[in-house]
Amino acid sequence: MAETLSGPDRSGEEQAALDSYSRTVTSVADELTPKVAALNAAHRRAGRFVVGTGSAVVFTDDGFLLTNAHVVGHSDAGTASFADGTTIPFHVIGADPLSDLAVVRADGPTPPPARLGEADALRVGQLVVAVGNPLGLAGSVTAGVVSALGRSLPAGTGRATRVIDDVVQTDATLHPGSSGGALATADGRVVGINTAIADIGLGLAIPVNGTSRKIIAALLATGRVRRAYLGLAGTPSPLPPPVRARTGRRTGLRIVEVVPASPAARAGLRAGDLLLTAGEEPVTGAQALQRLMLEDAIGRPLALTALRGDALVDVVAVPVELVTDD
């Protein structure tokens with residue numbers, strides 16, 4: 001007698017949960033697929049022209065798209081292709097390699113903008129949906145969860161280096177060409193711009209939060225991001241028990257290098273100092289200090305408190321503008 005193969009035996013509750021999950025992913029895909037374009041941008045590298053490809057998300061109603069800086073490279077222009085088959089030229093408004101964000105503007109009509117969310121409200125385990133347009137394959141949709149928060153991703157341009165902080169890690173599969181696409185929550189709000197495939201089942205996205213909004217605003221206003229520079233390097237280090245008890249914090253930033261003639265050196269900071277606060281904000285690592293080093297910090301006195309041996313040292317540094325080599 002032939003045996004009949006049947007599907008998995010699921011309870012009504014399990015099937016309802018799967019149906020709900022499917023509806024959520026489908027809803028996000030329906031909303032965002034028309035708003036995510038495939039980008040092609042030619043630029044010169046090592047004496048020859050190469051074509052950068054990736055995705056981009058429409059985020060204003062007048063044709064501005066958000067993508068990765070590494071997608072546009074040093075390009076001035078390119079083409080954006082949408083899911084309905086429309087191809088529109090674009091020009092680059094500005095790119096910031098130190099955050100891996102770029103803004104381009106379509107030279108023609110675009111779909112309505114995606115809604116931006118708040119990555120700082122994400123929780124580990126939360127459902128997210130990645131929507132890209134890799135290599136022109138519109139509507140490339142994957143789903144997963146937030147695997148981790150607060151990851152760091154090195155970035156650089158020329159001799160300037162920086163760590164992109166609060167990067168979102170997800171197990172939603174990112175395909176080659178998905179860089180610059182959207183990472184969205186179940187309600188369709190974009191909370192990240194996909195930037196890297198770290199490994200199979202491990203993708204990274206630049207968060208949409210207060211810091212990235214400032215960067216995007218600067219790119220829209222001037223086409224570039226100005227940053228402040230102190231001239232020190234450090235590593236997180238445990239606070240001594242008495243300081244830990246007094247402050248309620250566990251770590252500070254141990255200064256391992258002070259650049260000669262830099263603002264930090266002129267203020268009197270030394271290698272070995274344990275930096276505790278900057279501008280009255282706690283400094284628990286390099287990222288905490290880095291968040292303060294945006295344009296509004298340039299030329300403004302910054303109060304710093306460090307532990308040197310058993311003594312607290314208060315100094316004032318005046319950050320200068322970071323010079324980058326493109």
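**Exercise 1.** In this predicted model, work out how strand E18 is joined to strand E19.

*Solution.* Start with the ranges: E18 covers residues 302-308 and E19 covers residues 311-317. Next, look at direction and pairing: the two strands run antiparallel, with seven bridges joining them. For a specific pair, pick Ala-303, which sits opposite Val-316 in E19. Finally, check the connection: two residues separate E18 and E19, and the strands form a hairpin. In that turn, Gly-309 has a positive phi of about 70 degrees.

**Exercise 2.** Find where Ser-99 lies, decide whether Ser-99 is buried or exposed, and name the side chain with which the Ser-99 side chain makes a polar contact.

*Solution.* First, locate the residue: Ser-99 is in the loop that runs between strand E5 (87-96) and strand E6 (101-106). Then take its relative accessible area, which is 2%. The cut-off for buried is under 20%, so Ser-99 counts as buried with its 2%. Last, look for a polar partner: the Ser-99 side chain makes a polar contact with the side chain of Asp-96, at 2.7 Å.

**Exercise 3.** Now zoom out and describe the protein chain through its helices and strands, its buried share, its contacts and its accessible surface.

*Solution.* Begin by counting elements: there are six helices and 20 strands. Of the 326 residues in the chain, 46% are buried. Turning to contacts with a separation of 6 or more, 59% of them come from residues 24 or more positions apart. To finish, the accessible surface is about 15900 Å², and carbon and sulfur atoms hold 53% of that.

Key: Residues numbered from 1 in each chain as written. Predicted model: local features only at pLDDT ≥ 70, side-chain atom pairs only at ≥ 80, totals over all residues. Heavy atoms only, no water. Pairing = 2+ DSSP bridges. Helix = DSSP H or I, 4+ residues; strand = E, 2+ residues; numbered from the N terminus. Buried < 20%, exposed > 50% of the residue type's maximum accessible area, 1.4 Å probe, protein only. Polar contact = N/O pair within 3.5 Å; in protein donor to acceptor, adjacent residues only side chain to side chain. Contact = heavy atoms within 4.5 Å. Areas by Shrake-Rupley, 256 points an atom, 1.4 Å probe, with all protein chains shown as cover.
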